[in-house]
Amino acid sequence: MLQPIDMKKKQDKQPEAAPAVQPVQSAKPGIETVKQVRAPQLVKGMKDILPVDQPYWMHIKALIGRMMDDYSFGRIDMPIVEDTSLFLHGLGKQTDIVEKEMYTFVDQGGNNLSLRPELTASFVRSYLEHGMLTWPQPVKLYAVGPAYRHDKPQEGRYRQFYQWSCEVIGEAKAAADAQLILIAYKFYTSLGLSPIMHINSIGCQVCRPAYREALTEYYKNKRSQICEDCKRRLTRNVMRLLDCKEQTCQEIKAKSPHMDEYRCDDCKNHFMSVLEYVDDFDIPYEYNHYLVRGLDYYSRTVFEFYIPRGDDEEMNMLAIGGGGRYDQLVELFGGMPTPAVGFAVGIERVILKLKEMQTAGEEIPIVQQRKIDIFIAQLGERAKRRMMVLYEELLKEGFAMAEAFTKDSLRAQLDLANKLGVKFTVILGEKELIDGTIIIRNMEGGEQEVIDSTKLIPTLRKKLDAWSQKTTS
């Protein structure tokens, strides 16, 4: 029985946190019951990746690995927790991510930390911290992992989401931009998707100030018509107004000045070179004057990939990835002036589209789950012990198998074998153990054959070969 607490004795001590499940006094003296608690649930915006979805993830990760090998990119895995200042400094204090969406906390040591909302800043931190400037340039890196934003959860968008990020650090030439665009495009088309790329050049530190000034003058005259967020952005980072999704702001944006009226000669030449490469690769694209993307570190080339959803392709486009140049970010973090370019792909959104295609009856290339050929079944304790050893022997021989050693009922085991769609079930009971025999059951027709247990492996190979020839003929 729980004893009452003497508060006078405990007043100098901090109360302990109550357990999730608390014992409470039963109606009957001397008996305790357990209070019912609500079953644990996922945090809003998070998602379990269940076994049924793993083939999509496995296929995408395998495709990424092959492509990165083809283009000589090295994999890097970075922590999901970084110092908050990394993102405040790199992404911009006035971005929506920093202002509204970052998961930030103070740890036991008083450090201000954040779950990474994207990966580029971490790439640059790692580049500087590990002295990659001394490596052969450019340094080509990629990562696949989660990022976190306290965004509004919706279909294909989660607060924990996975990105494939691909970066080229230490190269200013347009060929680097173009090759990354090609890699992203090949990734999508290899999955059977038909993306459309939007592309723009937002200029550099030389020519962008004049454009910002013209944009500010234009929006000052429209201040009463734009949304509250855009009114706030007008005095902080006017180019962010071009990224607003509000309908009224979209209409005002349509008549705003274009960056191509202000680009310097270097930016014009760089952008034209990128487009010439893209034309050579036959990559479909739209020149979008208003594309700026949502982060402050971008310069020159920016691009996004979209795929249509539903019947109205023009109004229902799903953004599945994008990127651009960030030529000042390394220097902003205290390094030498170092040009860089990269992109990120949202894996959940790609999988969402693949599932839509599969539901519509389209063939999509995904890794198929392992096909199980043989089920191992037993009846009796001694037979179970022998079959557990036999299972390991057959694994070494390369057979694709399944078992249910925790089940004693032969019927239950055969029911599971049927659900798994196996070709044959190998059965051992007490009688077969004594006789030195074993049973092979054809699960399609139900025929059973008793054989010498020492001949099991060659017999199984022969039966599987015959099955394969029958299905391919």
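**Exercise 1. The chain as a whole**

Among contacts in the protein chain between residues at least 6 apart in sequence, what percentage join residues at least 24 apart? Then describe the chain's make-up.

Solution. Start with the source: this is a predicted model. Next, take the contacts between residues at least 6 apart in sequence: 69% of them join residues at least 24 apart. Now list the elements. The protein chain has 16 helices and 18 strands. Then turn to burial: 47% of the 473 residues count as buried. Finish with the surface. The accessible surface is about 26,100 Å², and carbon and sulfur atoms account for 51% of it.

**Exercise 2. Aromatic pairs**

Find how many aromatic pairs there are, and classify the pair of Trp 164 and Phe 187.

Solution. The count comes to eleven aromatic pairs. For Trp 164 and Phe 187, the ring centres are 4.9 Å apart and the planes stand at 65°. Planes over 60 degrees apart count as edge-to-face, so this pair is edge-to-face. Now place the partners. Trp 164 sits in strand S8 (residues 160-169) and Phe 187 in helix H6 (residues 174-190). They are 23 residues apart, so the pair links distant parts of the chain. Both Trp 164 and Phe 187 are buried.

Apply the test again to Tyr 218 and Tyr 219. Their ring centres lie 5.2 Å apart with planes at 85°, so this pair is edge-to-face too. Check burial against the cut-off of under 20% relative accessible area. Tyr 218 has 16% and is buried. Tyr 219 has 1% and is buried.

Last, look for a cluster. Trp 164 and Phe 187 belong to one aromatic cluster with Tyr 188, Phe 303, Phe 305 and Phe 343.

**Exercise 3. Two helices and their buried residues**

Which residues of helix H3 (residues 84-91) are buried, and where do they sit around the axis?

Solution. First, list them: Thr 84, Leu 86, Phe 87, Gly 90 and Leu 91 are buried. Next, take the arc. These residues cover only 160° around the axis, so they are on the same side of H3. A general point helps here. An α-helix has 3.6 residues a turn, so residues three or four places apart point the same way.

Now turn to helix H5 (residues 120-129). Eight of its ten residues are buried, so H5 is largely enclosed by the rest of the structure. Among them are Phe 123, Val 124, Arg 125 and Tyr 127. What do they pack against? The buried residues of H5 pack against strand S4 (81-83), H3, strand S7 (139-148), S8 and helix H11 (329-332).

**Exercise 4. His 198 and its surroundings**

Decide whether His 198 is buried or exposed, and list what it touches.

Solution. Begin with the place: His 198 is in strand S9 (residues 196-201). Its relative accessibility is 15%, so His 198 counts as buried. Then find the polar partner. The side chains of His 198 and Asn 288 are joined by a polar contact of 3.2 Å. Not counting residues up to four places away in sequence, His 198 touches Glu 286, Asn 288, Leu 291, Val 302, Phe 303, Glu 304 and Tyr 306.

**Exercise 5. Backbone features**

Where is there a cis peptide bond, and what sign does phi have at Ser 72 and Arg 300?

Solution. Recall the general rule first. Most residues other than glycine have a negative phi, and most peptide bonds are trans. Now the bond: Gln 137 and Pro 138 are joined by a cis peptide bond, with omega about -5°. Pro 138 lies in the loop between H5 and S7.

Next, phi. Ser 72 has a positive phi near 60°. Ser 72 is in the loop between helix H2 (54-70) and strand S3 (74-75). At 56% relative accessibility, Ser 72 is exposed. Arg 300 also has a positive phi, near 55°. Arg 300 belongs to strand S11 (residues 299-308). With a relative accessible area of 16%, Arg 300 is buried. A glycine can be added to the list: Gly 131, just after H5, takes a positive phi of about 60°.

Methods
Residues are numbered from 1 along each chain as its sequence is written. This is a predicted model: local features need pLDDT of at least 70, side-chain atom pairs count only at pLDDT 80 or more; totals for chains, interfaces and linings use all residues. Side-chain values use heavy atoms; hydrogens and water are left out. Helices (H or I, at least four residues) and strands (E, at least two) are DSSP runs, numbered from the N terminus. Buried means under 20% relative accessible area, exposed over 50%, partly exposed in between (1.4 Å probe, protein chains only). Contact means heavy atoms within 4.5 Å. Accessible areas come from the Shrake-Rupley method with a 1.4 Å probe; for residues, only the protein chains shown count as cover. Rings of Phe, Tyr and Trp (its six-membered ring) pair if their centres lie within 6.5 Å; planes under 30 degrees apart count as stacked, over 60 as edge-to-face and the rest as tilted. The arc is that of the directions from the helix axis to the C-beta atoms. A polar contact is a pair of N or O atoms within 3.5 Å; within protein, one must be able to donate a hydrogen and the other to accept it, and residues adjacent in sequence count only if both atoms are side-chain atoms.
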